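Biologist: I want to go through this structure label by label. Tell me what stands behind each one.

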Amino acid sequence: MIMPILTRERRRSPRLRCEKPVKVRCGVTGKYLAGETVDLSDGGCLMRLDRRVIVESGQAVRVGIAHRQLQSLILADDMVEGTIVRRFGHGDAQHVAVSF
C-alpha cells in the first residue's frame, strides 16, 4: 500500500512572492548589505544578497524593504529587527531567511 507523504507547514502566515530591493544591516559588523527579497510574509522573508557574506543562524540583523521597485534610499528608521534563521548559497549570491 502506498501512503502519501505528509508534511507539516511550519510557517504561521502565508508567503507571497515579492521581489523588492532590500537593505540588511549586520548586527555584528554594522555593515550594510544590498539584495532583493524572494518572498515575504508577516513573520519574515527570504532574500537574495548580491554577494556571499559570512552570516550565521541566530544572528541579529536589521532589514529594510523598499516600498517601490526603484526606491534607492531606505532610512534606518524604516528598518525592522530580525534574526537569521537559515542561509544557503547559489553561485555568487547568498540566500538568507530572516524572521521578524
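Modeller: Gladly. This is a predicted model, and Arg87 is a good place to begin: its relative accessible area is 40%.

Biologist: Why is Arg87 called partly exposed?

Modeller: Partly exposed lies between the 20% limit for buried and the 50% limit for exposed. Arg87 has 40%, so the label is partly exposed. Glu56, at 43%, is partly exposed too.

Biologist: What makes Glu56 and Arg87 a salt bridge?

Modeller: The cut-off is 4 Å between a side-chain nitrogen and a carboxyl oxygen. Here N to O is 3.5 Å, so the pair counts. Glu56 sits in the loop between β4 and β5, and Arg87 in strand β6, 31 residues apart.

Biologist: How many salt bridges does the structure hold?

Modeller: Four. Another one of them joins Arg15 and Asp39, with the closest N and O atoms 3.3 Å apart. Arg15 lies in the segment before β1 and Asp39 in strand β3, so this pair ties together parts that are 24 residues apart in sequence.

Biologist: Is Asp39 buried or exposed?

Modeller: Buried. Its relative accessible area is 10%, and the limit is under 20%, so the label follows. Arg15 has 30% and counts as partly exposed.

Biologist: What makes Arg48 and Glu36 a salt bridge?

Modeller: Their closest N and O atoms are 2.7 Å apart, within the 4 Å limit, so the pair qualifies. Arg48 is in strand β4 and Glu36 in strand β3, so the bridge ties together parts 12 residues apart in sequence. Arg48 is partly exposed at 27%, and Glu36 is partly exposed at 23%.

Biologist: Now the cysteines. Why is Cys18 in no disulfide with Cys45?

Modeller: A disulfide needs the sulfur atoms within 2.5 Å. The closest cysteine sulfur to that of Cys18 is in Cys45, 9.1 Å away, so it is too far for a bond. The structure holds zero disulfides.

Biologist: Why is Cys18 called buried?

Modeller: Cys18 has 18% relative accessibility, and buried means under 20%, so it counts. Cys45 is buried as well, with 3%.

Biologist: Which residues touch the most other members of the largest nonpolar core?

Modeller: Val24, Met47, Leu49, Val96 and Val98, out of 13 residues in that core. Strand β4 gives the most, with three residues. Val24 has contacts beyond its sequence neighbours, including Met47, Leu49 and Val61.

Biologist: What is the pattern along the sequence?

Modeller: β-β-β-β-β-β-β. The protein has zero helices and seven strands.

Key. Residues are numbered from 1 along each chain as its sequence is written. This is a predicted model: local features need pLDDT of at least 70, side-chain atom pairs count only at pLDDT 80 or more; totals for chains, interfaces and linings use all residues. Side-chain values use heavy atoms; hydrogens and water are left out. Buried means under 20% relative accessible area, exposed over 50%, partly exposed in between (1.4 Å probe, protein chains only). A nonpolar core is a set of buried Ala, Val, Leu, Ile, Met, Phe, Trp, Tyr and Cys residues joined through side-chain atoms within 4.5 Å. Helices (H or I, at least four residues) and strands (E, at least two) are DSSP runs, numbered from the N terminus. Contact means heavy atoms within 4.5 Å. Lists of a residue's contacts leave out its neighbours within four places in sequence.
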